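Student: I would like a close look at a single helix in this model. Please take me through what it packs against, then place it in the rest of the chain.

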Amino acid sequence: MENLNHALFLWLNAPEHPSTLLLAIASFFAEYAIWALPAIIGFGWLRGSEHTRKVLLEATASGLAGLLINQIIGLVWQHPRPFMIGLGHTLIPHAADSSFPSDHLTLMWAVAFSFLMHRSPRMAGLALALLGLPVAWSRIYLGVHFPLDMVGAALVAGLSAWLAFREMRVYLPATYSLALSVHRVLFGKLIQIGWVRK
């Protein structure tokens, strides 16, 4: 399996002298596409209904659960990144920590899969899921992840979305109440003038 992982990585990884355009595209997806998550969640929270806000909190819980699972996996099984074993070309800096699974893709797909479990944000979930594909490619292309790191991210994201959905009765009422209280304190003036929903 590791031989296949290495072979797929070398096939997808950037050459020694990549084109400037392809490098710019890969760098954008690898480092900046993740900011779509706080933008969607933040805008949705400020303008959304109670149901939308609860779905956003569930998706946030899914993302956090995915990152926690990744940390546990990294503690139990340290898998070196390509540059740690001198494989391929690395074109962006990264800490020399465990590569499996990819945190970027886990977070993006955990939120996406959580959205896909509900009717109203399904299109946003599909868009995020599709956005995850070039993110996965770019992290491999730039030399900081192996292909199987992305497979692991998909599995963890699916598990975390399922857990967040299954256990929402445990955490959602108290979390929503607390988040709403903080929201009213932070955005009180904007709520009064109608720019932000109560």
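Tutor: Take helix H2 in this predicted model. Its buried residues are Ala 26, Ser 27, Phe 29 and Ala 30. They pack against two partners, helix H5 (103-116) and helix H6 (122-141).

Check the geometry of H2 before its contacts. The helix covers residues 20-31, twelve residues in total. At 1.5 Å a residue, counted over one less than the number of residues, the expected span is 16 Å. The end C-alpha atoms lie 16 Å apart, so expectation and model agree.

Now the spacing of the buried positions. An α-helix has 3.6 residues a turn, so residues three or four places apart point the same way. Ala 26, Phe 29 and Ala 30 are on the buried list of H2.

Next, the pairing with H6. Two packed helices are described by the angle between their axes and the distance between the axes. For H2 and H6, the axes come within 8 Å and cross at roughly 115 degrees. The crossing is left-handed. On the H2 side, the contact is made by Leu 22, Ile 25, Ala 26, Phe 29 and Ala 30. H6 brings Leu 131, Pro 134, Val 135, Trp 137, Ser 138, Arg 139 and Tyr 141. By type, the contact residues divide into ten nonpolar, one polar and one charged.

Then the cores. In soluble globular proteins, nonpolar side chains tend to be buried together. The largest nonpolar core here has 31 residues, and Trp 45, Trp 109 and Phe 115 have the most contacts inside it. Helices H3 (36-47), H4 (50-76), H5, H6, H7 (147-166) and H8 (168-186) each supply at least two of its residues. H5 gives the largest share, seven residues. Apart from this core lies another, of seven residues, among them Ala 14, Ala 26, Ala 30 and Val 144. Ala 26 and Ala 30 also belong to the H2 contact with H6.

Back to Phe 115. Leaving out residues up to four places away in sequence, Phe 115 touches Ile 40, Val 55, Leu 56, Ala 59, Pro 121, Arg 122, Ala 124, Gly 125 and Leu 128.

One backbone detail sits in the loop between H4 and H5, where Pro 101 is placed. The peptide bond from Phe 100 to Pro 101 is cis, with omega near -10 degrees. Most peptide bonds are trans.

Finally, the whole chain. The secondary structure comes to nine helices and zero strands. Buried residues make up 39% of the 198 residues. Among contacts between residues at least 6 apart in sequence, 78% join residues at least 24 apart.

Methods. Residues are numbered from 1 along each chain as its sequence is written. This is a predicted model: local features need pLDDT of at least 70, side-chain atom pairs count only at pLDDT 80 or more; totals for chains, interfaces and linings use all residues. Side-chain values use heavy atoms; hydrogens and water are left out. Helices (H or I, at least four residues) and strands (E, at least two) are DSSP runs, numbered from the N terminus. Buried means under 20% relative accessible area, exposed over 50%, partly exposed in between (1.4 Å probe, protein chains only). Contact means heavy atoms within 4.5 Å. Axes are lines fitted to C-alpha atoms, for helices over the stretch in contact, and angles run from 0 to 180 degrees between N-to-C directions. A crossing is left-handed if the near helix is turned anticlockwise from the far one by less than a right angle, and right-handed if clockwise. Ala, Val, Leu, Ile, Met, Phe, Trp, Tyr, Cys and Pro count as nonpolar, Asp, Glu, Lys and Arg as charged, and the others, Gly among them, as polar. A nonpolar core is a set of buried Ala, Val, Leu, Ile, Met, Phe, Trp, Tyr and Cys residues joined through side-chain atoms within 4.5 Å.
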